[in-house]
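Thanks for coming. I will go through one structure today, so please have a look at it before I start.

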Amino acid sequence: MNFKVAISRREHFNSAHRLHNANWTDEMNLKVFGKCNNPNYHGHNYELEVKVIGTVNEDTGYVIDTKQLSDLIKEHVLNKFDHKNLNLDVAEFKDLNPTAENIAIVTYNILRPLIEENYELKIKLYETPRNFVEYPY
Ligand SMILES: Nc1nc2c(c(=O)[nH]1)N=C([C@H](O)[C@H](O)COP(=O)(O)OP(=O)(O)OP(=O)(O)O)CN2
């Protein structure tokens with residue numbers, strides 16, 4: 001029997017960032033991004049949920065081992081983002097605004113090749129307890 005199940009792993013990381021569009025004036029940046037444009041950067045305690053949807057393996061009873069999923073996230077995402085300045089330290093955000101939306105897309109693109117091809121992958125990222133994004137939607 002092919003049972004399709006979604007399994008998720010939650011991790012967290014702390015990063016600094018600044019929302020800024022280099023093609024705009026300072027005034028425009030301040031108008032659009034407000035306090036998030038502060039040149040001194042600011043930090044968030046991000047909560048990351050990685051969901052894998054696939055069929056349950058009859059031998060293991062797993063879609064994917066959560067330990068394996070956690071290790072993948074830690075090695076490939078958290079090592080890159082945790083306790084880093086996203087604008088300055090992370091190559092993916094050199095020319096990309098580190099909004100919650102873009103962090104979720106970058107996370108998806110990092111993990112997608114590492115998850116079995118015929119499994120679905122979904123990212124949910126909480127930037128604050130009240131602001132979160134989902135990709136793909
Ligand atoms: N579409 C987006 N909008 C905003 C983003 C984003 O990434 N995508 N980011 C920010 C800020 O970086 C940050 O998330 C907002 O911080 P803050 O206002 O402190 O957070 P809260 O909304 O949770 O705090 P309140 O106290 O509820 O205002 C802004 N917009």
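A residue is called buried here if 20 or more other C-beta atoms lie within 10 Å of its own, exposed if 12 or fewer, and partly exposed in between. Take Tyr 41 as the case to try this on: it has 15 C-beta neighbours inside 10 Å, and therefore counts as partly exposed. Please keep in mind that this is a predicted model.

Tyr 41 sits in the loop between α1 and β2. Its phi is near 65°, which is a positive value in a residue other than glycine. Asn 38 belongs to the loop between α1 and β2 as well. Asn 38 has 13 C-beta neighbours inside 10 Å, so it too is partly exposed. How far apart in space are Asn 38 and Tyr 62, C-alpha to C-alpha? The distance is 45 Å, for a pair 24 residues apart in sequence.

Now the chain as a whole. It holds four helices and five strands. Read from the N terminus, the order of the elements is β-α-β-α-β-α-α-β-β. The C-alpha trace spans about 60 × 25 × 25 Å along its principal axes. The chain has 137 residues, and 19% of them count as buried. If we take the contacts with a separation of 6 or more, 68% of them join residues 24 or more positions apart.

Next, helix α2, where I will spend most of the remaining time. α2 covers residues 66-81, and it packs against α4, residues 100-111. The angle between these two helices is about 120°, and their axes are 10 Å apart. α2 and α4 are therefore oblique to each other. The crossing of α2 past α4 is right-handed. Which residues make the contact? From α2 there are Leu 72, His 76 and Val 77, and from α4 there are Thr 107, Ile 110 and Leu 111. By type, that contact has four nonpolar residues, two polar ones and no charged ones.

α2 also bends, by about 40°, at Lys 74. Its buried residues are Leu 69, Ile 73, Val 77, Leu 78 and Phe 81. A general point helps in reading that list: an α-helix has 3.6 residues a turn, so residues three or four places apart point the same way. What covers the buried residues of α2? The cover includes three strands, namely β1 (4-17), β2 (42-55) and β3 (84-85), along with the helices α3 (86-89) and α4. Val 77 appears twice in this account, as part of the contact with α4 and as a buried residue of α2.

Moving past the end of α2, we come to His 83, which follows the helix. His 83 lies in the loop between α2 and β3. Is His 83 buried or exposed? With 11 other C-beta atoms within 10 Å, His 83 is exposed. Like Tyr 41, whose phi is positive, His 83 has a positive phi without being a glycine, here about 55°.

One last item, further along the chain. Tyr 135 and Pro 136 are joined by a cis peptide bond, with omega at about -10°. Pro 136 is in the segment after β5, the strand of residues 132-135.

That is the end of my part.

Methods
Residues are numbered from 1 along each chain as its sequence is written. This is a predicted model: local features need pLDDT of at least 70, side-chain atom pairs count only at pLDDT 80 or more; totals for chains, interfaces and linings use all residues. Axes are lines fitted to C-alpha atoms, for helices over the stretch in contact, and angles run from 0 to 180 degrees between N-to-C directions. Angles under 35 degrees count as roughly parallel, over 145 as roughly antiparallel, 65 to 115 as roughly perpendicular and the rest as oblique. A crossing is left-handed if the near helix is turned anticlockwise from the far one by less than a right angle, and right-handed if clockwise. Two residues are in contact if their C-beta atoms, placed from the backbone, lie within 7 Å. Ala, Val, Leu, Ile, Met, Phe, Trp, Tyr, Cys and Pro count as nonpolar, Asp, Glu, Lys and Arg as charged, and the others, Gly among them, as polar. The bend at a residue is the angle between axes fitted to the seven residues ending there and the seven starting there.
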